[in-house]
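Biologist: I'm new to this one, so please pick a single part and take me through it closely. Spell out the cut-offs as you go.

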Amino acid sequence: MYSSGFGGTLIALTMITSMVILAVTSKEVLSLGMVGALSIVRFRTAIKEPMDIAFLFWAIAAGIVLAAGMIPLAVFGSLVIGLVMLAFVNRKPVHNPYIAVISCQDHDAEVRVREFLSGQVEKAVIKSKTAQSSGIELNYEVRLKHDDTDFITLLSEMDGVNSAVLVSYNGDYLG
């Protein structure tokens, strides 16, 4: 699954690495010192959020570049990294996706549900379908037209529909 936090982290880490490499290529002695300094960095606590890792490495890189006496590179690099991270990381999707979990009695009810959803939501994509002797369970990813969730109540009242549940979902894992 796509995680916007991970995508932003990749962009940030690319620029942070570039800032460190720019400092390393200027002096050979500095490059050996940086290899030693970076080799002692380790994390004893598992970091679950990818963007936290980017901020940690950004702080380490800025500290190393500042300690090397390259103040303009540290200031300019941090400004550029900060601006790009603001532009890419704070983007939120225009439409929040939802998962609709619908339990039907038979194939005819499934067809009615599909037709009903196509008229009520902007987009409905089937994600999974479970067929058992007791009925059919459908999982749709839906994009709402106007943030109106009343359609799920109407859906649950249809003939042949046992239950209908709507769950907000953004694709990110919380840990």
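Modeller: K127 is exposed, with a relative accessible area of 51%. Exposed means over 50% relative accessible area, buried means under 20%, and partly exposed is in between, using a 1.4 Å probe and protein chains only. Bear in mind that this is a predicted model, where local features need pLDDT of at least 70, side-chain atom pairs count only at pLDDT 80 or more, and totals for chains, interfaces and linings use all residues. Residues are numbered from 1 along each chain as its sequence is written, and side-chain values use heavy atoms, with hydrogens and water left out.

So who does K127 team up with? Its side chain meets that of E141 in a salt bridge, at 3.4 Å from N to O. K127 sits in strand β2 and E141 in strand β3, so this pair ties together parts that are 14 residues apart in sequence. By salt bridge I mean a side-chain nitrogen of Lys or Arg within 4 Å of a carboxyl oxygen of Asp or Glu. Strands, like helices, are DSSP runs numbered from the N terminus: E and at least two residues for a strand, H or I and at least four for a helix.

Unlike exposed K127, E141 counts as buried, at 17% relative accessibility. E141 also forms a salt bridge with R143, and there the closest N and O atoms are 3.0 Å apart. R143 is partly exposed, with a relative accessible area of 24%. Through shared partners, the salt bridges join K127, E141 and R143 into one network.

How many salt bridges does the structure hold? It has 3, and one of them is between E110 and K129, with the closest N and O atoms 3.0 Å apart. E110 belongs to helix α5 and K129 to strand β2, so here the parts tied together are 19 residues apart in sequence. E110 is buried, at a relative accessible area of 7%, while K129 is partly exposed, at 46%.

E110 takes us into helix α5, so let's look along it. Helix α5 runs over residues 107–120, which makes 14 residues. From its first C-alpha to its last it reaches 20 Å, close to the 20 Å expected at 1.5 Å a residue (the expected span is 1.5 Å times one less than the number of residues).

Which residues of α5 are buried? They are A109, E110, V113, F116 and L117. Seen down the axis, these buried residues fall within an arc of 130 degrees, so they line one face of the helix. That arc is taken from the directions from the helix axis to the C-beta atoms. In general, an α-helix has 3.6 residues a turn, so residues three or four places apart point the same way. Over on the other side of α5, E115 and S118 are exposed.

What covers the buried residues of α5? The cover includes the strands β1 (97–104), β2 (123–132), β3 (135–143) and β4 (161–168), along with helix α6 (151–156). Contact here means heavy atoms within 4.5 Å. Two strands from the salt-bridge story turn up again in that cover: β2 and β3. K127 lies in β2 and E141 in β3.
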